[in-house]
Amino acid sequence: MNEVKMLLDELAAVCANPKAQLDAAVADGRKCVGVLPYFSPEELVYAAGMLPFGLWGAEMQANESKRYYPAFICSLLHTVLELGLKGALNDLSAIMVPICCDSLKGFGANWKYGVGEAVPVIDVAWAENRKIPAGVEFTRSQFRKVLGQLEAIAGDRVSDAEIGASVAVYNENRAALRAFSAAAARRPEAVSPTARCAAIKAGYFMDRAEHTEKLNALTAALAALPEQKWDGLRVVTTGILADSPALLRILEDNQIAVVGDQIAQESVNFRVDTPVTDDPVEGIAQRLGQVEGCSVLFDPGKQRGKELIELAKKVNADGILWVMTKFCDPEEYDYVPVKRMADAAGIPLLAVEVDQQMVNYEQARSAIEAFAEILRF
Amino acid sequence: MDERKPAKIVLRELQDRIAQDAWDAKQRGEKVGWCASNFPQEITTAMGIPVVYPENMGAAVGAKGGGQRMCEYAEGMGYSNDLCSYSRINFAYTDLKRCEELEIPFPDFLLCCNNICNCMIKWYENLALELDVPLILIDIPHLDAMTCDADRVKYIRAQFDDCIAQLEEITGKKMDYDRLNEVMSISQRSSKAWLRAVGYMSAEPSPFSGFDIFNNMAVACVGRGTVEAADAFEQLADEYAALVKEGKSTFKGEEKYRILFEGIACWSNLRFTYKTLQSRGINLTASIYGPAFSFLYSNLDELMAAYSYVPNSNCFEKELQLRVDDALKNKVDGAVFHMNRSCKHWSGNLYEMERQFREKTGVPTIVFDGDQSDPRCFSEAQYETRVDALTEIMEQRKKEAAQ
C-alpha cells in the first residue's frame, strides 16, 4: 500500500505544479512546446527532442483574457490565455493550437496579439471527415506541415525513424495508461477519483517514457494489494475534463469511484494506439480516424453514446456522470441524444456543469448527493 | 419607363418560389434535403435536387417573433441556452413538426458544411439521428493562412466528388457535368451582379438602406445558381446605379453618418436595431455580407477554394482586411460590432477585431450584446445608449472636420 501511495503522491505532485516540470525541462536545456487539446500530434514534438507540455487550463480566475474572449467561452481556453497573458508560459518555444472547435478557432489570433510572437502559434488543422482516404491524407499533409514548423523550432531535421521511435514511446504510454485505468477500477479503495485523475493527467507534463515507468510500477503495486470489497458506488465519467479537485472531492465524500471514463483528457486520449505505418505521420493521421467518444470529432450516428453505454455495462457501473464543461458547444450538443440513449439503455446519467473559474460547487454537491441516493435505492 | 417589378420584389418572390418548389417536390415524392447555408449550392442546383435551409428558417422565425418560444422549447428538450439559436429553433421544429411563423418540408437527407462554424456539424449530427436520414459533410477546414492551399483544395474536391456520388444514390438523380458548368457560370453572373450591387454602397449617399442586404442575401445564399437570381441581381445593381446617377437613396431621411455593421443581424430585434440607427441618420454602408457572398471562381478547383473564403472561415488577418477594405472603400464614419451570443466563432475574436479595425480605419466603434434569433440576449437600452455614444463621437468628428 505504501508503494501505491508513494507513486500516486508523486504523480499528484506533478499535477499540482506543472510549472515546476516546465522549469525543470527548460533548465535542463530541453525546449518545450505547449499542446492545446484536442488530438495535436504530440508524437512529433517528442520526436523533435522537445517536451510536449499539455495546456488543459487551470483552476483560477481569468481576468485579462476577457479583453480577448467574451465571457461565454470555456474556461479551459480563458485560463490558458490568461496564463499566457501573465507571462506564465513564456518558457514555451511555441504552442500547438488545433482549430477543431469554434472557440479554438479564435484562440490563435487572441494569443498572437495578446501574448505576442515570443511564443509562436502552430495551427493544427485536421480532417473532420477523418476516416475517408482523402481525410487521412489531408491530416497527414497538415501534420507534415506542423512537423516542418517544429523542426524550425528545434533547429534540426526529424527523421521518420525518430518519429517511429516517438510513436513507440507514446503507444507504450497508452498501454500503461490503459492498464493503470483497469487496475484502478479494480481497486477503488486504493485509488480515489482524485488520485486516478492525477496519475493520468501527470503524463501531460512529464516525459512520456518516465510517465510510463511510474504507471507500470503503480499498476504492479496495485496488483499486489490484497483483495478488498468496495461498498461504494461505481460510475463512469464522460466529457472534456473531469479534473476539478472540488468535484472529485464530492465524489469521494459520497463514496463514488470512477471505474471507467470517456473523458477527452483521460481515456479518449489513450484508448487507441497510433498504427505503425511506413510513413509514421500517416499512422498518426490514421489514429484520428479510429478514435471515438469525443464531441469535437465528427460522429455521425453518435458512436459516442453507444461506446459510453457499452463501457458502463462492461465495467458494471451504477451510473454515468457527465462532467459538462461550461460553454462547450460540442458537449452541449452531444448531451441531448446521448442522454436519450442512456435512458433507453436504463443507465442513470447525471450531468454536472463544471467551470475552472467556479469557486462554489454546492449545486454540484447537491446534485451528486441526490444522484448517489437514487443509485443506492 | 421600366415596367418591371422592382428587384427587391423579384428577389422576394424568387425566394418564395424556391421554398415552394421544395414543398412541391416533396409532394411529388422527390427527395428533399436540409442544407447548410454555405454548402456548395452548385451541386444541388446542377442535379436539380431541392434543398431548404434551416439557418434561413431560424432567421425568419426570429424576425417574425417566434425565436424565444422556439428556443425555450428546445431548452425544454435539454439543449443548453448557450447553443446557437438557429439550431435551437430547428431542434424545436424537428420535435414539434410545426412552427406558426414558417415551416419547411422535412428532409430525406442532410447536407452539412462547416466553413461558417463547427457547430453546424454537431447540429446536423443530432438531426441525422433524430430524423434517421443520411448526413453528408463537406468539411472545409478553417484557413490558417491568407489563401487556401493545394492540400485543402484536394481534400475539399474529394469530398465534393464523394458528395455527388452519395446524392446520386440517395436521390436517383445523376450529375450532368455540362449542367454543372452552366450552373457555375450562372453563379458567377449572380456573384458579380451582387458585388456590383453592394459596391454602390460606396456612393454618397448610398443608394439604399444597408439593412436591405440582410434581406437580399437570402437569395444570394440559396438561389445564386439560377438564371432568375442572376437576372434579379443584375436588375438590382442597375436600379442602384440609376439611383446613384440621380443622387437618390431608398434610405429614409438624410444619410448623416455611414457605418459598418459587423455580424449577423439581430433578427428578433431587426426593427429596433434599424430604427435606432435610421432615426439618427445612420446608414449601414459596409458589411461583410457584401464581399463575402461573391464566391468568385473560374474552375472547379477555384470553386473549392472559394468556399474557404466565406466569413469566419478565413484566418484573422484576412477577416480583418476584408472589413477594413470594405469600410475604407465605403467611407464609413463609425462601426457597430454585434457580440452575437449564438456564435462563439464570430465572437471569439470580436474584441481584437474591433480594436484592430479601429486602429486601421481611425473610426470610432461600439460593441453591443445580442443574438441572431434569441431576443433574450438583446437589451434595447444597452444598444440605444451605445449607438448614442457612437453618434456623439461621429458628430463631434464631423464638426472638427468641417472647421
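## Helix H7 on the first sheet

In this predicted model, helix H7 (residues 133–154) of chain A lies across strand E1 (32–35), E3 and E4 of chain A, with contact meaning heavy atoms within 4.5 Å. H7(A) runs at about 165 degrees to E4(A); axes are lines fitted to C-alpha atoms, for helices over the stretch in contact, and angles run from 0 to 180 degrees between N-to-C directions. Helices (H or I, at least four residues) and strands (E, at least two) are DSSP runs, numbered from the N terminus.

The sheet underneath is open, with 4 strands in the order E2-E1-E3-E4 (chain A) and parallel pairing; two strands pair if DSSP finds at least two bridges between them. Strand E2 (51–54) and strand E4 (121–124) of chain A sit at the edges with a single partner strand each, so one side of each has no neighbour in the sheet. On average, neighbouring strands here are turned by 25 degrees against each other, direction ignored. Strand E3 (residues 94–98) of chain A is joined to E4(A) by 4 bridges, and A:Met96 stands opposite A:Ile122 in E4(A).

## Two helices side by side

Next up are helix H8 (residues 160–186) and helix H10 (residues 208–223) of chain A, whose axes come within 9 Å and cross at roughly 25 degrees. That makes H8(A) roughly parallel to H10(A), the label for angles under 35 degrees.

Among the residues making the contact are A:Tyr170, A:Leu177 and A:Phe180 of H8(A), plus A:His211, A:Leu215 and A:Leu222 of H10(A). The contact residues split into 12 nonpolar, 5 polar and 2 charged; Ala, Val, Leu, Ile, Met, Phe, Trp, Tyr, Cys and Pro count as nonpolar, Asp, Glu, Lys and Arg as charged, and the others, Gly among them, as polar.

## The second sheet

Another open sheet of 4 strands has the order E6-E5-E7-E8 (chain A), again with parallel pairing. Its edge strands, E6 (256–263) and E8 (349–354) of chain A, each pair on one side only. Strand E7 (residues 319–325) of chain A pairs with E8(A) over 6 bridges, and A:Thr325 stands opposite A:Val354 in E8(A).

Helix H15 (residues 362–376) of chain A lies across strand E5 (233–239), E6, E7 and E8 of chain A, at about 165 degrees to E8(A).

## The whole chain

Chain A has 15 helices and 8 strands. Its C-alpha atoms fill a box of roughly 60 × 45 × 40 Å along the principal axes.

## Ground rules

Residues are numbered from 1 along each chain as its sequence is written, while chains are lettered from A and ligands numbered from 1 in the order in which they are written. Local features need pLDDT of at least 70, side-chain atom pairs count only at pLDDT 80 or more, and totals for chains, interfaces and linings use all residues; side-chain values use heavy atoms, leaving out hydrogens and water.

Technical notes:
Angles under 35 degrees count as roughly parallel, over 145 as roughly antiparallel, 65 to 115 as roughly perpendicular and the rest as oblique.
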